[in-house]
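Have the model open and ready to rotate? Let's walk through it together, one stop at a time.

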Amino acid sequence: MTQRQIQILYRACWTIALLIAAIPFVFPFIWMVSAGFKSVTEIFGAPTLIPRVWRWQNFIEVFTYQPFARQYFNSLYIAILVTVLTLVIASLAGYALARMRFAGAGLLMLFLISALMVPEEVTIIPNFFLMRWAGLVDTHWPLILLPTFGPHGVMATFLMRQYFLALPKELEEAGKMDGLSRFGVWWQIALPMSRPALAAVAIITFLFSWNLFLEPLIFVSSLEMFTLPLALSNFNDSYGLPLWNLQLAATSLAVVPILIIYLIAQRQIIESFALSGVKG
């Protein structure tokens with residue numbers, strides 16, 4: 001065999017091995033989508049991957065059973081808004097902690113990191129009383145403010161700080177010599193060079209907000225204000241038993257934005273995890 005044939009055989013073997021290793025991870029997703037086209041009887045009957053009868057009406061009933069389109073939009077716009085706010089605030093705070101020298105900077109960073117050690121369940125009751133005092137219960141504001149300024153925002157700030165620490169200071173000094181202000185250096189030099197870290201923060205924040213369940217459960221009570229995690233748990237019959245065919249169909253629709261984000265940003269996310277957090 002020639003060297004080229006050996007390389008082709010080697011790659012083919014690796015591809016087959018990876019496909020086999022991916023089966024336990026991909027199969028549950030394929031089964032979920034397939035079950036979304038089945039009836040409840042067929043789901044709990046003899047196991048088949050391909051539906052015997054394709055019930056396309058399941059995906060229509062999802063939108064007629066409850067205001068699923070409104071709930072889908074709620075999760076989408078909240079996740080996008082939280083992601084944008086977190087990117088702006090975390091990048092500004094991370095740059096300040098990485099490049100600006102001021103009294104108490106280390107102590108401030110220690111307090112921020114300490115916030116990550118407090119479980120979410122411990123702060124949910126004080127946060128509820130705070131939001132009720134502010135008149136924000138049964139609105140989407142708690143679902144926007146708490147992830148942005150809570151422990152998840154601290155984690156995003158820490159990630160951005162670590163990335164900014166690794167950037168060459170010479171570029172910033174050159175920008176200052178060209179007349180850029182501190183804000184101009186952040187906007188025109190630091191941010192464009194931190195795209196991998198921004199991509200990582202964006203996708204982690206979007207996933208965190210998209211999958212948020214405890215906060216909507218506590219702060220939201222109106223059906224029209226529900227987000228997707230609450231909506232998915234609301235597909236029940238008159239006896240309170242889950243309508244599995246509708247739940248699986250709705251869940252299949254709920255994962256579409258997540259798949260799109262991963263397909264678009266997966267390379268930058270891998271680069272960010274490889275390059276961030278190695279200097280501090």
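What follows is a tour of some helix pairs, one helix on its own and a few single residues.

Keep in mind that this is a predicted model. Two packed helices are described by the angle between their axes and the distance between the axes, so that's how we'll begin.

Start with helix H1, which covers residues 3-35, and helix H14, residues 244-254. Their axes come within 7 Å and cross at roughly 120°. Anything over 145 degrees would count as roughly antiparallel and 65 to 115 as roughly perpendicular, so H1 and H14 are oblique to each other. The crossing is left-handed. As for who touches whom, H1 brings Trp31, Met32, Val33 and Ala35, while H14 answers with Asn245, Leu248, Thr251 and Ser252. Sort the residues of this H1 contact with H14 by class and you get 5 nonpolar, 3 polar and no charged.

While you're on H1, look at phenylalanine 27, which sits in that helix. Its relative accessibility is 44%, so phenylalanine 27 counts as partly exposed. Now find leucine 49: phenylalanine 27 and leucine 49 are 22 residues apart in sequence, and their C-alpha atoms are 9.5 Å apart in space.

Next, compare that with another pair, H8 and H11. H8 runs over residues 151-165, and H11 over 195-210. Here the axes come within 10 Å and cross at roughly 170°. That angle is over the 145 degree cut-off, so H8 and H11 are roughly antiparallel to each other. On the H8 side, the contact uses His152, Met155, Ala156, Leu159, Met160 and Tyr163. Facing them from H11 are Pro196, Ala197, Leu198, Ala200, Val201, Ile204, Thr205 and Phe208. By class, that makes 12 nonpolar, 2 polar and no charged residues in the contact of H8 with H11.

Stay on H8 for one more residue, threonine 157. Is threonine 157 buried or exposed? At 7% relative accessibility, threonine 157 counts as buried. Leaving out residues up to four places away in sequence, threonine 157 touches Ala90, Ala93, Gly94 and Leu97.

Helix H10, residues 182-193, is handy for a quick sanity check. Its 12 residues should span 16 Å at 1.5 Å a residue, and the end C-alpha atoms are indeed 16 Å apart, so the two values agree. Which residues of H10 are buried? They are Gly184, Val185, Trp186, Ile189, Ala190 and Leu191. Their cover includes helix H4 (68-99), H8, helix H9 (169-177) and H11.

Now for the loops. Leucine 223 lies between helix H12 (214-219) and helix H13 (228-232). With a relative accessibility of 30%, leucine 223 counts as partly exposed. Setting aside residues up to four places away in sequence, leucine 223 touches Gln66, Pro67, Gln71 and Asn234. Tryptophan 244 is 21 residues from leucine 223 along the chain, and 20 Å separates their C-alpha atoms.

The last stop is aspartate 138, in the loop between helix H6 (120-133) and helix H7 (141-149). Most residues other than glycine have a negative phi. Aspartate 138 isn't a glycine, yet its phi is positive, at about 65°. Aspartate 138 is also partly exposed, given a relative accessible area of 23%.

Definitions and conventions. Residues numbered from 1 in each chain as written. Predicted model: local features only at pLDDT ≥ 70, side-chain atom pairs only at ≥ 80, totals over all residues. Heavy atoms only, no water. Axes fitted to C-alpha atoms, helices over the stretch in contact; angles between N-to-C directions. Helix = DSSP H or I, 4+ residues; strand = E, 2+ residues; numbered from the N terminus. Parallel < 35°, antiparallel > 145°, perpendicular 65-115°, else oblique. Left-handed = near helix turned anticlockwise from the far one by under 90°. Contact = heavy atoms within 4.5 Å. Nonpolar A, V, L, I, M, F, W, Y, C, P; charged D, E, K, R; others polar. Buried < 20%, exposed > 50% of the residue type's maximum accessible area, 1.4 Å probe, protein only. Expected span 1.5 Å × (residues − 1).
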